[in-house]
Amino acid sequence: MVKERTIVETQVGIVGAGPAGLMLSHLLYKAGIDNVVVEVRSHDEIASTHRAGILEAGTVRMLAESGVDGRVLTEGHEHEGTTLRFEGVSHRIDFQKLVGESVWLYPQNEVFVDLAAARKRDGGDVRYEVTDTQISDLTSEQPKILSTTAEGEALEIRCGILVGADGSKGISKRQIPAEVRTDNFIEYPFAWFGILCEAPASAPELIYANSEHGFALISQRSDTVQRMYFQCDPNENVADWDDERIWAELQRRIDGPDGLQLQRGKIFDKTVLPFRSYVCEPLRYGNMFLVGDAGHTVPPTGAKGLNLAFCDVRVLAPAIIDFFDKGDDSGLAEYSAKALERIWKAQNFSYWATNLMHIQPGENPFNQKRRRGEFASITGSDRGSAYFAECYTGWPDQ
Ligand SMILES: Cc1cc2nc3c(=O)[nH]c(=O)nc-3n(C[C@H](O)[C@H](O)[C@H](O)COP(=O)(O)OP(=O)(O)OC[C@H]3O[C@@H](n4cnc5c(N)ncnc54)[C@H](O)[C@@H]3O)c2cc1C
């Protein structure tokens, strides 16, 4: 039974406790800005959802230097490079040598655990397991978030600024009227078949492999759990794939004269991940601002999604702080255009890397030969490799 409505007044109301929502909440708290977060899922459900794994240096710095937790530096693995493997031959891209940066392997669910713990430690108001979230009055000076708490209480959050951090399937962006919103969207004719398995790592760094059989990514999660993907049809049924068939498919996509062999182990998770690129423009409507996947998604090839979510927060947090502390709304006015500059760079890289490494269904053989030239242009010179290295490790903030 729904109990009486509770009204909470706060400076910033945030929908979604993913990495974007919680990082924003943490940075605002540190600057003395009151905020409340509502989240439809439970803490444990988010903590056990496996998604991103590669963090740019800027993302790592935000976690460690803003006082969330330094666990990323002690338990994460620094990768100073990655391997591009084309038709069975590996080429290492040395990030440190080329652009003086690294990335860190640290799973998204651990990022969430650290952020959630920091919000709890600091007395943050994060309401998990809410239902029936609605947002309203976005163009007024007091937007509202309406929802029902886990205890069945009707909750109304009245805020000065509302932030939609509710991911790609969230409600926030859909509240921007169609006449002022542009949905930039493409879908790809393939997907990733992803597995998690109990096995040692097959290589010290990630391997992005293209072969005539399609793409494969040999990634990691920890010393004992590995993440691997291979390109598949978007309608692929995981039930059709037993472990033996999966290992054979992965292995044939990395086979080469060096005899590289995958370390096999018990597969405990299988998913098919569709590929889409999406950008909502603008990322602001009235006093609502979109951050992270709520405003844009990329295919995972370039490992950009979580990192872009943190980049949005790096732009929005100081703008909100200036607005409340100094009455200066110039940062808020610039937020959408500024965040979109980096978003489109990341969209381009994710799109380009996806098309470089995947085989299109029914592809003309011309294209694989052309791709051979494209790979050689990247791996055959420091300048080509540096382009990949800079995009992958993340562009410096402007
Ligand atoms: C398989 C996979 C691999 C990936 N690999 C990488 C990678 O290596 N590197 C990388 O950077 N990115 C990667 N990504 C992308 C990355 O996971 C996302 O970009 C990231 O989660 C975005 O964070 P977010 O906080 O914006 O959104 P989310 O993490 O989606 O969080 C949004 C939250 O809002 C909540 N929510 C939704 N609707 C409501 C509502 N109505 N009310 C309240 N709460 C709501 C959701 O439950 C969710 O917890 C990968 C994604 C997938 C799926």
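## Exercises on a predicted model

In this predicted model, an oxygen atom of the ligand is 3.2 Å from an N or O atom in the side chain of Arg-51.

**Exercise 1.** Starting from Arg-51, describe the polar surroundings of the ligand, and state which residues are the closest to it.

*Solution.* Begin with the side chains: besides the approach of Arg-51 to a ligand oxygen at 3.2 Å, a nitrogen atom of the ligand is 3.0 Å from an N or O atom in the side chain of Thr-133. Turn next to the backbone, where a polar atom of Leu-306 is 2.7 Å from an oxygen atom of the ligand. Finally, consider the whole lining: 31 residues surround the ligand, and the closest are Ala-20, Glu-39, Gln-108, Asp-293 and Leu-306.

**Exercise 2.** Characterise the packing of helix H1 against helix H6, giving the angle, the handedness of the crossing and the residues that make the contact.

*Solution.* First locate the two elements, H1 at residues 19-30 and H6 at residues 108-121, whose axes are 10 Å apart and meet at an angle of about 30°. The crossing in which H1 passes H6 is left-handed. Next list the participants: H1 contributes Pro-19, Leu-22, Met-23, Ser-25, His-26 and Tyr-29, while H6 contributes Gln-108, Phe-112, Leu-115, Ala-116, Ala-118, Arg-119 and Arg-121. Sorted by character, the residues of this contact comprise eight nonpolar, three polar and two charged.

**Exercise 3.** Which backbone features mark Glu-87 and the peptide bond from Glu-281 to Pro-282, and where are Glu-87 and Pro-282 found?

*Solution.* Recall that most residues other than glycine have a negative phi, and that most peptide bonds are trans. Against this background, Glu-87 has a positive phi, near 50°, and is placed in the loop between strand S5 (81-86) and strand S6 (89-94). The peptide bond from Glu-281 to Pro-282 is cis, with omega near -5°, and Pro-282 belongs to the loop that links strand S16 (266-281) and strand S17 (284-285).

**Exercise 4.** What does the UniProt annotation covering residues 9-349 say, and what is the helix and strand content there?

*Solution.* The unreviewed UniProt entry annotates residues 9-349 as "domain: FAD-binding". Over this range the chain is 30% helix and 35% strand, with the end C-alpha atoms 41 Å apart.

Key
Residues are numbered from 1 along each chain as its sequence is written. This is a predicted model: local features need pLDDT of at least 70, side-chain atom pairs count only at pLDDT 80 or more; totals for chains, interfaces and linings use all residues. Side-chain values use heavy atoms; hydrogens and water are left out. Axes are lines fitted to C-alpha atoms, for helices over the stretch in contact, and angles run from 0 to 180 degrees between N-to-C directions. Helices (H or I, at least four residues) and strands (E, at least two) are DSSP runs, numbered from the N terminus. A crossing is left-handed if the near helix is turned anticlockwise from the far one by less than a right angle, and right-handed if clockwise. Contact means heavy atoms within 4.5 Å. Ala, Val, Leu, Ile, Met, Phe, Trp, Tyr, Cys and Pro count as nonpolar, Asp, Glu, Lys and Arg as charged, and the others, Gly among them, as polar. UniProt positions are given in the numbering used here, feature names are shortened, and annotations may be inferred rather than shown by experiment. A residue is near a molecule or strand if one of its heavy atoms lies within 4 Å of it. A polar contact is a pair of N or O atoms within 3.5 Å; within protein, one must be able to donate a hydrogen and the other to accept it, and residues adjacent in sequence count only if both atoms are side-chain atoms.
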